[in-house]
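Trainee: I'd like to take a close look at one part of this protein. Could you walk me through it once the structure is up?

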Amino acid sequence: MSATANSLRSRKKETAAEMAEVCSIHLGDGLYGLPISHILEIVGDTKPETVPLAPAFVGGLVHYRGDVLTTVCARQLLGMPPLEGKVPDLLVVESVNGCFGLIVDSVREVLTVSREDFEPNPSTIHERSKAFFAGTYKLKDRLMVMLDPARIDPLELARAN
């Protein structure tokens, strides 16, 4: 193989390493994201069963492929009012502690973003927000705040409370 071909393959690998795939989601007027590598499935039209005496962030329980998953209500977690008049979307998210559901207003699209456009949380951000956010991607026309799957895991949230 020629030196030029090797150089092109090497650059393609470097470029791929500098990119990330992110599932974009809407919560209220905000655009948020989760690494696609942590999302197992998007489940539509699922209504979680409420859990009496559960922490406020728990959106309920759902039946998923023979298992029962605890769901996290992203709106509740971020201090937003409940979603009215629309059935939310449910993401099945994989974390170190297993799988859980994440209830969001709507799932948008998978975006390929450059790691160069990523900014860590600023030091001025509220501590509560730092607890859930991994940082922000600068997109062409807006910002996308990244949720950290490990930090929004229901077991981790319960330990923090």
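In which strand does Val68 lie, and what is going on around that residue?

Mentor: Happy to. Keep in mind that this is a predicted model. Val68 lies in strand E5, which covers residues 67–73. That strand belongs to a chain with 11 strands and 4 helices.

Now for the side chain's surroundings. Val68 has a relative accessibility of 58%, and the cut-off for exposed is over 50%, so Val68 counts as exposed. Val68 also has company out there: together with Val51 and Leu61, Val68 makes up a nonpolar patch on the surface. The accessible area of Val51, Leu61 and Val68 together comes to about 220 Å².

To put that patch in context, step back to the whole chain. The protein chain exposes about 9,800 Å², and 54% of that area is supplied by carbon and sulfur atoms. As for what is tucked away, 35% of the 161 residues are buried. The chain also brings together residues from far along the sequence: if you take contacts between residues at least 6 apart, 56% of them join residues at least 24 apart.

While you have the model open, have a look inside too. Searching the whole structure turns up 1 cavity of 30 Å³ or more, and the largest cavity holds about 30 Å³ of space. If you want to find that spot on screen, pick out the residues lining the largest cavity: Thr46, Pro48, Pro88, Asp89, Leu90 and Ile103. Then go back to Val68 in strand E5, and bring up Val51 and Leu61 to see the nonpolar surface patch.

Terms used
Residues numbered from 1 in each chain as written. Predicted model: local features only at pLDDT ≥ 70, side-chain atom pairs only at ≥ 80, totals over all residues. Heavy atoms only, no water. Helix = DSSP H or I, 4+ residues; strand = E, 2+ residues; numbered from the N terminus. Buried < 20%, exposed > 50% of the residue type's maximum accessible area, 1.4 Å probe, protein only. Contact = heavy atoms within 4.5 Å. Areas by Shrake-Rupley, 256 points an atom, 1.4 Å probe, with all protein chains shown as cover. Patch = residues over 30% accessible without salt bridge, like charges linked within 9 Å, V, L, I, M, F, W, Y side chains within 5 Å. Salt bridge = Lys/Arg side-chain N within 4 Å of Asp/Glu carboxyl O. 1 Å grid on protein atoms, 1.4 Å probe; cavity = no way out; pocket = protein on both sides within 12 Å on 5 of 7 lines; lining within 4 Å. Points joined across faces, edges and corners; volume = space filled by probe spheres on them.
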